[in-house]
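Trainee: I would like to go through this structure and ask how each term is justified.
Mentor: Show it, then ask.

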Amino acid sequence: AEAMQHMLQEYRLQPQLQETRIKKLWEKLMGATIATYTGSISVRNHVLYVNILSAPLKNELLFGKEKIASIINQELGEQYIRDVVIR
């Protein structure tokens with residue numbers, strides 16, 4: 001495990017790994033309805049960018065950005081996501 005962590009840091013693969021984990025966890029954490037209306041998900045500089053295809057849902061999620069970050073960070077086991085941008 002320690003060698004794997006060292007390799008991830010050495011080759012700077014940690015951000016891509018975390019983004020992949022978040023994409024796979026999205027439906028589980030947010031539910032099938034939200035996942036259905038999710039266009040794309042990306043992570044850059046510890047900021048989660050989520051494209052939502054429904055205007056009312058987008059508006060609702062804007063109010064829960066901190067909760068979304070908290071849920072994802074809890075599942076990842078670290079404070080990885082610092083902000084959430086809903087587009």
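Trainee: Which residues have the most contacts inside the largest nonpolar core?
Mentor: This is a predicted model. Its largest nonpolar core has 21 residues, and those with the most contacts inside it are Ile 22, Trp 26, Leu 48, Leu 61, Ile 68, Ile 72 and Ile 81. Two or more residues come from each of H2, helix H3 (32-36), S1, S2, helix H4 (55-62), H5 and S3.

Trainee: What makes Ile 22 count as buried?
Mentor: A nonpolar core takes in buried residues, and buried means under 20% relative accessible area. Ile 22 belongs to the core, so Ile 22 is under that cut-off.

Trainee: Which residues does Ile 68 touch, leaving out those up to four places away in sequence?
Mentor: Ile 68 touches Trp 26, Met 30, Leu 48, Leu 61, Val 84 and Ile 86. Contact means heavy atoms within 4.5 Å, so each of these residues meets that limit with Ile 68.

Trainee: How do you know that S1 and S2 pair?
Mentor: Pairing needs at least two bridges. S1 and strand S2 (residues 47-52) are joined by 5 bridges, so they pair, and they run antiparallel. In one of these bridges, Thr 38 has Ile 52 in S2 as its partner.

Trainee: Why are S1 and S3 called edge strands?
Mentor: The open sheet has 3 strands in the order S1-S2-S3, with mixed pairing. Strand S1 (38-44) and strand S3 (83-86) each have a single partner strand, so one side of each lacks a neighbour in the sheet.

Key. Residues numbered from 1 in each chain as written. Predicted model: local features only at pLDDT ≥ 70, side-chain atom pairs only at ≥ 80, totals over all residues. Heavy atoms only, no water. Helix = DSSP H or I, 4+ residues; strand = E, 2+ residues; numbered from the N terminus. Core = buried A, V, L, I, M, F, W, Y, C linked by side-chain atoms within 4.5 Å. Buried < 20%, exposed > 50% of the residue type's maximum accessible area, 1.4 Å probe, protein only.
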